[in-house]
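Visitor: I would like a friendly tour that explains the terms along the way. Could you show me what we will be looking at?

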Amino acid sequence: MNIQPTTLGMIPGKWTAAAALTETGTMNILSLATQTFTVLASTDDPLHFPVNDYTEASKTVTTTSGDVAVTYRLYEHLTYVAHPVDADYQSMNVKVPVRINGKDVDTTNVPILFATSIGGYMSSSNASSGRTGTPPAGSTDLPPGVVPGTLPPGVVPGMLPGMSNRNTDLALAAGYVVVEPGARGRDNQAADGTYYGKAPAAIVDLKAAVRYLRYNDAIMPGNANWIVSAGSSAGGALSALLGASGNNPLYDSYLKVLGAAEADDRIFASADFCPITDLEHADMSYEWEFGAVARNGALVLQTLSTQMASAFPAYLASLNLQGRNNFGAITADNYLQYLVQTYLIPSANKYLLALTDDARTTYLTAHTWISWSGSSASFSASDYLAYVGRKKGLPAFDAFDLSAPENSLFGNSTINARHFTNFSLRQVSGDTNAVLDSDLQTLVNLMNPMYFIAQGCSGCAPHWWIRHGSKDTDTALTVITNLATSLENQGKDVNTRLYWDAGHGANEDPEDFIAWIAQITGYQPASTSP
Ligand code: DHB
């Protein structure tokens, strides 16, 4: 049964009869008692999903079980807020598979992969005038000369034409709905020079897009209770934040101004590839982990590195992390050991066991810091850290000269870049008592999933997929494992893996990711056999 909202003054969605009865005393109780009915978004509603306004497209997706031919409906440039600041960014594309290997598929109740292309905390364009911009970290099928995670000369931020993404392709081939939201970012600047994409714009936009999906659930393909977000690097951080901050009222005022749908913004699962997150504690973590193998040998930097690192144990203690397998409390004294035994050795073993005997011997000869028992690797944390080295200078995130992407993320409408830690603020100002303005501290919290997890995780996604390369030193490994462990400690289902020897942006098991989505939702993917 479909009911227009104007009739009942109700918000769109799927409602049970019991809910209807309390709203409308005059309805026929007996006939409704066992029914679910649907309240449709009205067609003059700017947030109404345009069911019949699509083009059809097709592609062939290569999988390990053969090529899969997918025909899908493409809904482009759906603006997901009623009052956009810039609809080129606050819009999304929706892809709905209709035929897979020649067979019709029913997408009424399939998972929704919500895949952001955000990189570098830059804007991600969904412009109807053609897409250009920053390829996300980890992109592999780029035009010649384009480096993932960087902006080609003369190109405005957003998505590059023709770029495809392994997760979204495989999701389509599995029969899932794919949503690709644009979002504002730190580079967005109006004609008058003001910035309109600084923190927390990107997360507010992604929440608004999730709300659009839930608001239109009754008329949209896909099950909005099965939204799985995914992103890499800054996109991974935003995916984690989306997963940790569901329905948090701290974002309400921002969402209201944009005319976001009045709807739930919790998600079912959060997939975070190399998330550059917990920015407020990223510098102390980086120095604690890599300081001993400092890239810059100058004494002043070593002194500063030691000072920064000295704040890490107290921060770690405040998280009260308990290790897996009865490890007990994780402390600054045992954390490296925990990382080695829980994450690094299993990662190395998976890699080494998959090699031929000859290839393994060659690898081990070139990596003498690794001992091999015949079935398991062993090595020390310090040898591992010396091997991977540090990529970034000091401070890695809150740069003294305000040159880091994160400084720019925490700018405001008139200032491009600001400090966002007390340490750098004090160092630069020379005022040892300086503290961030309280409005800035609020913004830092609004960008940090750890802030919401520490508060009890009430709006957290129940399922998490966390991936990171063992050679990725864009952030400290502790940032990734603090996220994973704090979620585990909150009883969440967390699937974590380090890809051995992989760098920033890696995604080495995308088919496992798609299978995991089926497993956590209980959805049976469409058969992919031709
Ligand atoms: C990204 C990488 C970084 O090292 C960083 O500090 C912020 C963002 C990225 O690739 O998105």
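**Around the ligand**

Guide: Around the ligand there are 11 residues, the closest being G120, S233, K392, E406 and D474. A residue is near a molecule here if one of its heavy atoms lies within 4 Å of it. Please keep in mind that this is a predicted model, where local features need pLDDT of at least 70, side-chain atom pairs count only at pLDDT 80 or more, and totals for chains, interfaces and linings use all residues. Residues are numbered from 1 along each chain as its sequence is written, and side-chain values use heavy atoms, with hydrogens and water left out.

Visitor: What makes the approach of G120 to the ligand a polar contact?

Guide: A polar contact is a pair of N or O atoms within 3.5 Å; within protein, one must be able to donate a hydrogen and the other to accept it, and residues adjacent in sequence count only if both atoms are side-chain atoms. A backbone N or O atom of G120 is 2.5 Å from an oxygen atom of the ligand, so the pair falls within the limit. S233 brings a polar side-chain atom to 2.6 Å from a ligand oxygen, and A234 places a backbone N or O atom 3.0 Å from an oxygen atom of the ligand. The protein covers 91% of the 290 Å² of accessible area that the ligand has on its own. Such areas come from the Shrake-Rupley method with a 1.4 Å probe; for residues, only the protein chains shown count as cover.

**Buried residues and loops**

Visitor: Why is N216 called buried?

Guide: Buried means under 20% relative accessible area, exposed means over 50%, and partly exposed is in between (1.4 Å probe, protein chains only). N216 has 1% relative accessibility, so N216 counts as buried. In the protein chain, buried residues make up 56% of the 530 residues.

Visitor: Where does N216 lie, and what does the side chain of N216 reach?

Guide: N216 is in the loop between α5 (201-215) and β10 (227-232). Helices (H or I, at least four residues) and strands (E, at least two) are DSSP runs, numbered from the N terminus; the protein chain has 19 helices and 17 strands. From that loop, the side chain of N216 reaches the backbone nitrogen of F49 at 2.9 Å. A polar atom of the N216 side chain also lies 2.7 Å from the backbone oxygen of L47.

Visitor: How do you know that C274 and C457 are buried?

Guide: C274 has a relative accessible area of 2%, so C274 is buried. For C457 the value is 3%, and therefore C457 is buried. C274 belongs to the loop between β11 (269-273) and α8 (279-290), and C457 to the loop between α17 (449-454) and β16 (463-469). Phi of C274 is near 35°, a positive value in a residue other than glycine. C457, not a glycine either, has a positive phi of about 65°.

**Rings and charges**

Visitor: What makes Y338 and Y343 an edge-to-face pair?

Guide: Rings of Phe, Tyr and Trp (its six-membered ring) pair if their centres lie within 6.5 Å; planes under 30 degrees apart count as stacked, over 60 as edge-to-face and the rest as tilted. By this rule there are 22 aromatic pairs. Y338 and Y343 are 6.3 Å apart centre to centre, with 85° between the planes, and form an edge-to-face pair. Y338 is at 0% relative accessibility and so counts as buried; Y343, at 4%, therefore counts as buried. Elsewhere, F273, W465, F513 and W516 form one aromatic cluster.

Visitor: How do you know that the charged end of K207 sits over the ring of Y251?

Guide: A charge sits over a ring if NZ of Lys or CZ of Arg is within 6 Å of the ring centre and within 35 degrees of the ring normal. The charged end of K207 is 4.6 Å from the centre of the Y251 ring and sits over it. K198 lies over the face of Y195, at 4.4 Å from the ring centre.

**Two prolines**

Visitor: Which peptide bonds at P200 and P395 are cis?

Guide: The bond from A199 to P200 is cis, with omega near 5°, and P200 is in the loop between β9 (177-181) and α5. A cis peptide bond also joins L394 and P395, with omega about -10°. P395 is in the loop between α13 (381-388) and α14 (405-409).
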